[in-house]
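Please open the model in your viewer and keep the selection panel at hand. This tour moves from one selection to the next and says what to look for at each stop.

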Amino acid sequence: MEGKKLSLPGALVGALVGLGAEIAIREMTGLDVIEGLLEIIGAGFGLIRIDKRIYESTVKLLKGMDIQPDDDYQRILRRIDELTVDLPELRENFLRLMEAGVRAKSA
Amino acid sequence: MMIGLGTLFRMLKKLLGKPLENTGALPTRYYLHEVLKSLDHDNIGEAVKLLRMSKGALIDKSRWEMVRQQIIFRCRVLRERHCKRINFLEEEIKEHKKHGKLPWRWFRKEPVEKLMQYEKTLALERQAQDLLEKYESELKDILSS
């Protein structure tokens, strides 16, 4: 079998064409191809577990709220409300966690 | 096969992650993982820095937003904690100053040293509180910048 020859100018031309295509696509469609590719590679880096990690962090934040043992459910809710005035998504997650906790306790 | 790939990716992440971190070229999820790691250690400054770098990815926008909100929340909890300590220290300093004026306290060294310690700690607590406030407003401004 004949050995393949590597061409440096060919590689440079290829890279330039790729860059030109990337810029053209971005200009015409607004899509960032390289960023998209990096995101896919990111998923391959074992970073798919990010949702689980965010959930764990949410639980940790809730636990780290300095809740007193005699604090009742309503008081904790009020504190969550105070601290998450402009953080609606996080508030929702906290409430869901609290509800799950109460349900688990009563079951 | 999957375990092998996982190990390979982890190795690549270790090798390339840190050197490329400051370029902002890594995937958003990488930064989010690092931000959450910093948040676990209450390293808010590092978390804000890393979150700023990951800005711009469309795929993980909701996750990015959730992590941003988590940092703001932690800032508020920590600020509240510092506020409690500041109130306590202010009360203690007031008490010490009040009793320090009594004649039988003049020759005792201990209260003066204690007072200095309280004042030093109070200054540090205030500094920490200001820093957290700065980070919080920075996080709020990320969206508009």
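At what angle do helix 3 of chain A and helix 2 of chain B pack, and how far apart are their axes? Before selecting them, note that this is a predicted model, in which local features need pLDDT of at least 70 and side-chain atom pairs count only at pLDDT 80 or more, while totals for chains, interfaces and linings use all residues. Residues are numbered from 1 along each chain as its sequence is written, and chains are lettered from A and ligands numbered from 1 in the order in which they are written.

**The helix pair**

Select residues 50-63 of chain A, which form helix 3, together with helix 2 of chain B: the two pack at an angle of about 20 degrees, with their axes 11 Å apart. Helices here are DSSP runs of H or I with at least four residues, strands are runs of E with at least two, and both are numbered from the N terminus. Axes are lines fitted to C-alpha atoms, for helices over the stretch in contact, and angles run from 0 to 180 degrees between N-to-C directions.

Now show the side chains where they meet: Ile50(A), Arg53(A), Ser57(A) and Lys60(A) face a group in helix 2 of chain B that includes Leu32(B), Leu36(B) and Leu39(B), contact meaning that C-beta atoms, placed from the backbone, lie within 7 Å.

**Helix 2 of chain B**

Stay on helix 2 of chain B, where 10 of the 13 residues are buried, a residue being buried if 20 or more other C-beta atoms lie within 10 Å of its own, exposed if 12 or fewer, and partly exposed in between, with C-beta atoms placed from the backbone. Among the buried ones are Tyr30(B), Tyr31(B), His33(B) and Val35(B).

Next, select Asp42(B), in the loop between helix 2 (28-40) and helix 3 (44-53) of chain B. Asp42(B) has a positive phi of about 55 degrees although it is not a glycine. Most residues other than glycine have a negative phi. With 14 C-beta neighbours inside 10 Å, Asp42(B) counts as partly exposed.

**Helix 1 of chain A**

Move to residues 8-29 of chain A, helix 1, which reaches 31 Å from its first C-alpha to its last. Helix 1 of chain A is hardly covered, with zero buried residues among its 22. Gly30(A), which follows this helix, has a positive phi near 80 degrees.

**Chain B as a whole**

Finally, zoom out to chain B, which has five helices and zero strands. Of its 145 residues, 26% count as buried.

Conventions. Two residues are in contact if their C-beta atoms, placed from the backbone, lie within 7 Å. The expected span of a helix is 1.5 Å times one less than its number of residues.
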